[in-house]
Amino acid sequence: MDFNAFVVSLLKVAPDAISDLHFKVGGPPLLRINNNIRPAKFRPFAAEDTERIASVFLTKAQRENMGSVRELDTAYTLPDGQRFRVNLFRQRGTFSIVMRVIAKTIPTVESLGLPPVLKDIAAEPRGLVMVTGITGSGKSSTLAAMVNHINHTRRAHILTIEDPIEYVHEDKLSSINQREVGVDTESFAEALRKGLRQDPDVIMVGEMRDLETVDIALKAAETGHLVMSTLHTVDAAKTIGRIINVFPPEQHQEVRHQIAANAKGIISQRLISTKDGKKRVPAMEIMRSTATIRNCITDHTKTALIRDVIEKGREVYHMQSFDQHLAELFQEGVITREVAVENSANPADFERALQFE
């Protein structure tokens, strides 16, 4: 089996609609199409099939000692330039592989259907910008679009730290260096620490996984860099709480002040099905830095009020809650009423609000 040709044939099942490929022993390849898992028309895989596929992603040294390989994150590129983020793991003693499809072209704010205010947030000269959401919510694509905007509009040095590298950027107005954890650097924290000596203007950290990375990122934002990263949180208030709780309790108030002083934007997103069911679009909560927002961050008794402040700041600051964006997508005919209500924060309140639109 020519692996590259096999993958190309699978992608042809639903061009532009497949987000992931799954390979495991005992079943045929599985395709995630518009967020639904569907089997491909192919025979069930045997253990030697997935082992053969796994070997494609391994180095020579790893192939010589495959028994010691338990899991692996990497990237893979087909001859035609199609890239994938790959996770290789063992289950019941055999290999399973998941390949996430990465768009061939660098996404833009327009191509992803993102609110234009994201360009304003990306244009911030310094501070902290977080893109949050569950796995598979499009965080990496949104970050790539924001980096792409900076690359085309600002003469800057952009440093990315990723695991693995997904979108490969080319220098435009900016100079971009992309470092891959495990290949170019030992860890996010190590690359971020050393990165401060590499004269960056913008630092994109694939994920803030531990206290050391979060601490260095906050300090980098304080010292004049624009730091962009992701977290697996569902909204602005929970993102702030997650960052604070990484630190010991005695530092919580100090960290609140750091976040308040440096957070330029928290963008929380999820992907939801369009009216025709053919694709998914992002629904977003967008928080920007205002005096009231900063007060809500520093005063722990007011953090829960952030969503209300976001909704009141829509006209002046172009902030928006999930419910506001869902209502907009429904009114524009992009999504159904049912999908809008299903994804709202409070379905009963959301239904009543729609009646008065």
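Is arginine 52 buried, partly exposed or exposed? In this predicted model, arginine 52 has a relative accessibility of 44% and counts as partly exposed. The views below begin with this residue.

**View A. Arginine 52 and aspartate 49 form a salt bridge within helix H2.** The side chains of the pair meet with an N to O distance of 3.4 Å. Helix H2 spans residues 47-56, and the partners lie 3 residues apart in it, so about one helical turn separates them. An α-helix has 3.6 residues a turn, so residues three or four places apart point the same way. The two partners fall into separate accessibility classes: aspartate 49 is buried at 5% relative accessibility, whereas arginine 52 is partly exposed at 44%.

**View B. Aspartate 215 and lysine 219 form a salt bridge within helix H7.** Their closest N and O atoms are 3.1 Å apart. The residues are 4 positions apart in H7, which again corresponds to about one helical turn. Aspartate 215 has a relative accessible area of 19% and is classed as buried, because the limit for that class is under 20%. Lysine 219, at 42% relative accessibility, counts as partly exposed.

**View C. Further charged side chains are joined by salt bridges.** Arginine 209 pairs with glutamate 207, with 3.5 Å between the closest N and O atoms. Arginine 209 is partly exposed, its relative accessible area being 48%. A network of salt bridges links Glu190, Arg193, Lys194 and Glu212. In the whole model, the count comes to 15 salt bridges.

**View D. The largest nonpolar core contains 37 residues.** Leu218, Ile240, Ile259, Met287, Ile293, Ile297 and Ile306 have the most contacts inside this core. Helix H7, residues 211-222, gives the most to the core, contributing 6 residues. Beyond its neighbours within four places in sequence, methionine 287 is in contact with Ala236, Ile240, Lys264, Gly265, Ile266, Ile293, Ile297, Ile306, Ile310 and Met319. A second core, separate from this one, has 29 residues, among them Ala17, Phe45, Ile53 and Met66.

**View E. An open sheet is built from 7 strands with mixed pairing.** The strand order is E9-E8-E10-E11-E7-E12-E13. Strands E9 (175-180) and E13 (280-288) are the edges, each pairing on one side only. On average, neighbouring strands are turned by 15° against each other, direction ignored. Strand E8 (residues 157-162) runs parallel to E9, and 6 bridges join the two. Isoleucine 158 stands opposite isoleucine 176 in E9. Helix H13 (residues 322-331) packs on the sheet, where it touches strand E12 (263-273) and E13. The direction of H13 makes about 140° with that of E13.

**View F. Helix H1 has five named buried residues: Phe3, Phe6, Val7, Leu10 and Leu11.** H1 comprises residues 3-11. Around the helix axis, the buried residues cover an arc of only 135°, and they therefore lie on the same side of H1. The elements covering them include helix H2 and strands E1 (18-23), E2 (30-33), E4 (71-77), E5 (83-91) and E6 (94-102).

How values were computed:
Residues are numbered from 1 along each chain as its sequence is written. This is a predicted model: local features need pLDDT of at least 70, side-chain atom pairs count only at pLDDT 80 or more; totals for chains, interfaces and linings use all residues. Side-chain values use heavy atoms; hydrogens and water are left out. A nonpolar core is a set of buried Ala, Val, Leu, Ile, Met, Phe, Trp, Tyr and Cys residues joined through side-chain atoms within 4.5 Å. Buried means under 20% relative accessible area, exposed over 50%, partly exposed in between (1.4 Å probe, protein chains only). Contact means heavy atoms within 4.5 Å. A salt bridge is a side-chain nitrogen of Lys or Arg within 4 Å of a carboxyl oxygen of Asp or Glu. Two strands pair if DSSP finds at least two bridges between them. Axes are lines fitted to C-alpha atoms, for helices over the stretch in contact, and angles run from 0 to 180 degrees between N-to-C directions. The arc is that of the directions from the helix axis to the C-beta atoms.
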